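Reader: I would like a close look at a single part of this model, namely the salt bridges and the helices that carry them. Please take me through the pairs one by one, with attention to how exposed each partner is.

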Amino acid sequence: MDIYASDEEKGEEIKQWWRDNGRSVILGCIVGAAVIFGGRYWLTYQQTLAANASIAYQQVVLSLNDDKVSVAEDKTHLLFSEYSTTPYAVFAAFEMAAQSTDTDSAQSYLEWVMNNADLAAHIELARFRLAQLFSNDGKFDQALTLIEHSESAAFSSLLLELRGDIFVAQAQVSEARTAYKNAMIDLLQGEPRKQILQVKLDDVAESDDS
């Protein structure tokens, strides 16, 4: 705008600018308002979702403590269907698997976590617990398959130890010894698990010598 123009000329320039740009300005304001209100709505929705999921999870825990298994199952399946994107659905699945006396039921809950959890740590924890479940049930091949498909460095020592335990149960002493040694590699000196692994390794060595 020319600073030396008359007020009338300035007014005409403003009017012309508004005719050229007014729609874009209005549209920008509308879009901006929609983004702001949409963002607020989304945050409120997420907070409400998390709060409801938290209540449902608490009901799962309380029901299990009161031996109301059917109620806990109903609340867990509610979490699966309505709040599967929240961590509370994963927490409930772990609780149900841990408290279940039916191995098939426990397996289904752990597999749900493996198939639906967002965090790699939750998936690998479910993999480890399912491998333990298979091992305890004598399904060694299934347990070993799960272990072999793990890519988690955080759970590698635990899975290798379980691998060693499975080989011991199968009387595969040499393989068990290798698994226990590998499980100890990344553990710090004095760490309790390292001492346990050393005992297992010594037991394997003794059985091999005999």
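Author: A residue is called buried when its relative accessible area is under 20%, exposed when that area is over 50%, and partly exposed in between. The model is a predicted one, and with that cut-off in hand we can begin with Lys 200, which has a relative accessible area of 21% and therefore counts as partly exposed.

Lys 200 forms a salt bridge with Glu 161, and the closest N and O atoms of this pair are 2.8 Å apart. The bridge links distant parts of the chain, for Lys 200 belongs to helix α9 (residues 192–209) and Glu 161 to helix α7, with their positions 39 residues apart in the numbering. Glu 161 has a relative accessible area of 11%, so this partner is buried. Nor does the pair stand by itself, since Glu 161 and Lys 200 are linked with Asp 165 and Arg 193 in a network of salt bridges.

Helix α7 (residues 156–169) also holds Arg 163, whose counterpart Glu 148 lies in helix α6 (residues 140–148), so that a pair 15 residues apart again links distant parts of the chain. The side chains of Glu 148 and Arg 163 meet in a salt bridge with an N to O distance of 3.7 Å. Glu 148 is exposed, because its relative accessible area is 53%, whereas Arg 163, at 23% relative accessibility, counts as partly exposed.

A further salt bridge joins the side chains of Asp 137 and Lys 139, at 3.6 Å from N to O. Here Asp 137 is partly exposed with a relative accessible area of 39%, and Lys 139 is likewise partly exposed, with a relative accessible area of 28%. If one applies the rule that a side-chain nitrogen of Lys or Arg must be within 4 Å of a carboxyl oxygen of Asp or Glu, the count comes to six salt bridges.

Helix α8 deserves a word as well. Its twelve residues (173–184) should span 16 Å at 1.5 Å a residue, and the C-alpha atoms at its ends are 17 Å apart, which agrees with that expectation. Within α8, the residues Ala 176, Ala 179, Tyr 180, Ala 183 and Met 184 are buried. When one looks down the axis of α8, these buried residues fall within an arc of 135°, and they therefore line one face of the helix.

Key. Residues numbered from 1 in each chain as written. Predicted model: local features only at pLDDT ≥ 70, side-chain atom pairs only at ≥ 80, totals over all residues. Heavy atoms only, no water. Buried < 20%, exposed > 50% of the residue type's maximum accessible area, 1.4 Å probe, protein only. Helix = DSSP H or I, 4+ residues; strand = E, 2+ residues; numbered from the N terminus. Expected span 1.5 Å × (residues − 1). Arc of directions from axis to C-beta.
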